[in-house]
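Me: I keep meeting labels like "buried" and "contact" and I'd like to see what stands behind them. Could we go through some of them together?

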Amino acid sequence: MSDTLPLIRLRGISKVYGEGATALWALKGVNLDIEAGDFVAIMGPSGSGKSTAMNIMGGLDTPTAGQFLFQGVHVESLTRDQRARLRRRFFGFVFQGFNLLARTSAQENVELPLLYRGESASARRTAAARALDAVGLKGWEHHKPSQLSGGQQQRVAIARAMVSEPAVLLADEPTGNLDTHRSREIMELLWRLNADKGITILMVTHEPDMAAYARRMVRFVDGMVDSDTRNEHPVGLQEAEADTAAAPTLAVQVR
Ligand code: ADP
């Protein structure tokens, strides 16, 4: 057995809402290891515990029982303040509804996490501009969310999640509000963040087409992990290989 711990380890994680006769077991003893650099799609029927598990792994909520180790640290034993610090330092969040401040420019939305961290105005500006550039929104810095498409708004949300350079990106149905074309663009962006920058991604999705970009699929049923499979040919990899293969042909055609 290896003595190096994975980035994330869940052991016997349970979560109970309510008490006594009305107690509801949202998670029933979940064991899960996630290595740094993985890209995991979390799937399963509605009510199976996906969001509850994501909230615990993102340090937003605490388990009723069990252990959650992040880089070997027992997160379940941390105080609320310590958990908040851990979140700000290591985690970025992207949600289905974008959750941008409506009357605030793309640039200012992306600067927010850095403002909470007390960084200077010039450092915030530089980092936010770079993050917006990385998600393909150079030139859109001063637009407000209402002046952007759904796909562009989700890119701003991803830039905001990435600006503090998190180790883990947690995305809860990031393409749930987008059409197929824009969903694919977002998935390609997430794929690149994982493949090029090594960001660990945990993504809840209902859509098999979007889960196909992930390297691993964990399926929850009734508060438990029902299956856990590797995807040796994620869509992003196939596209990257197709690009590489296509390049010499193109060069020949140009000449
Ligand atoms: P999923 O994300 O797979 O749809 P959830 O993790 O949201 O599932 O929910 C799992 C179960 O826990 C569901 O039965 C849900 O109704 C219940 N649940 C989730 N959050 C709460 C809460 N804050 N209070 C009470 N029950 C909850």
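Me: Let's start with a place: where does Leu178 lie?

Reply: Leu178 sits in the loop between E7 and H6. Those labels are DSSP runs numbered from the N terminus, a helix being H or I with at least four residues and a strand being E with at least two. A heads-up on the source: this is a predicted model, where local features need pLDDT of at least 70 and side-chain atom pairs count only at pLDDT 80 or more, while totals for chains, interfaces and linings use all residues. Also, residues are numbered from 1 along each chain as its sequence is written, and side-chain values use heavy atoms, with hydrogens and water left out.

Me: Why is Leu178 called buried?

Reply: Leu178 has a relative accessible area of 11%. Buried means under 20%, exposed over 50%, and partly exposed in between (1.4 Å probe, protein chains only). So Leu178, at 11%, counts as buried.

Me: Which residues does Leu178 touch, not counting residues up to four places away in sequence?

Reply: Leu178 touches Phe98, Gly150, Gly151, Gln154, Ser183 and Ile186. Contact here means heavy atoms within 4.5 Å.

Me: In the loop between E7 and H6 there is also Glu173. Why is Glu173 called buried?

Reply: Its relative accessible area is 17%, and the cut-off is under 20%, so Glu173 is buried. Glu173 also has a positive phi of about 45° although it is not a glycine.

Me: And Asp222, what makes it partly exposed?

Reply: Asp222 has 47% relative accessibility, which falls between the two cut-offs, so partly exposed is the label. Asp222 is in the loop between E9 and strand E10 (224–230), and has a positive phi of about 55° without being a glycine.

Me: Now the ligand. Which residues are around the ligand?

Reply: They are Tyr17, Leu24, Ala26, Pro45, Ser46, Gly47, Ser48, Gly49, Lys50, Ser51 and Thr52. To be near a molecule or strand, a residue needs one of its heavy atoms within 4 Å of it. H1 gives the largest share of this shell, three residues.

Me: How do you know that Thr52 makes a polar contact with the ligand?

Reply: A polar side-chain atom of Thr52 lies 2.5 Å from an oxygen atom of the ligand. A polar contact is a pair of N or O atoms within 3.5 Å (within protein, one must be able to donate a hydrogen and the other to accept it, and residues adjacent in sequence count only if both atoms are side-chain atoms). So the Thr52 pair qualifies. Backbone N or O atoms do it too: one of Gly47 lies 2.7 Å from a ligand oxygen, and one of Ser48 lies 3.1 Å from a ligand oxygen.

Me: Is Thr52 itself buried or exposed?

Reply: Buried, because its relative accessibility is 11%. Thr52 is in helix H1, and apart from residues up to four places away in sequence, it touches Lys15, Tyr17, Ala26 and Leu27.

Me: Last one: what makes a set of residues a nonpolar core?

Reply: The members are buried Ala, Val, Leu, Ile, Met, Phe, Trp, Tyr and Cys residues joined through side-chain atoms within 4.5 Å. The largest one here has 40 residues, and Phe39, Val110, Val156, Ile158, Leu169, Leu190 and Met203 touch the most other members. Another core lies apart from it, with 27 residues, among them Ile8, Phe91, Leu170 and Val204. In soluble globular proteins, nonpolar side chains tend to be buried together.
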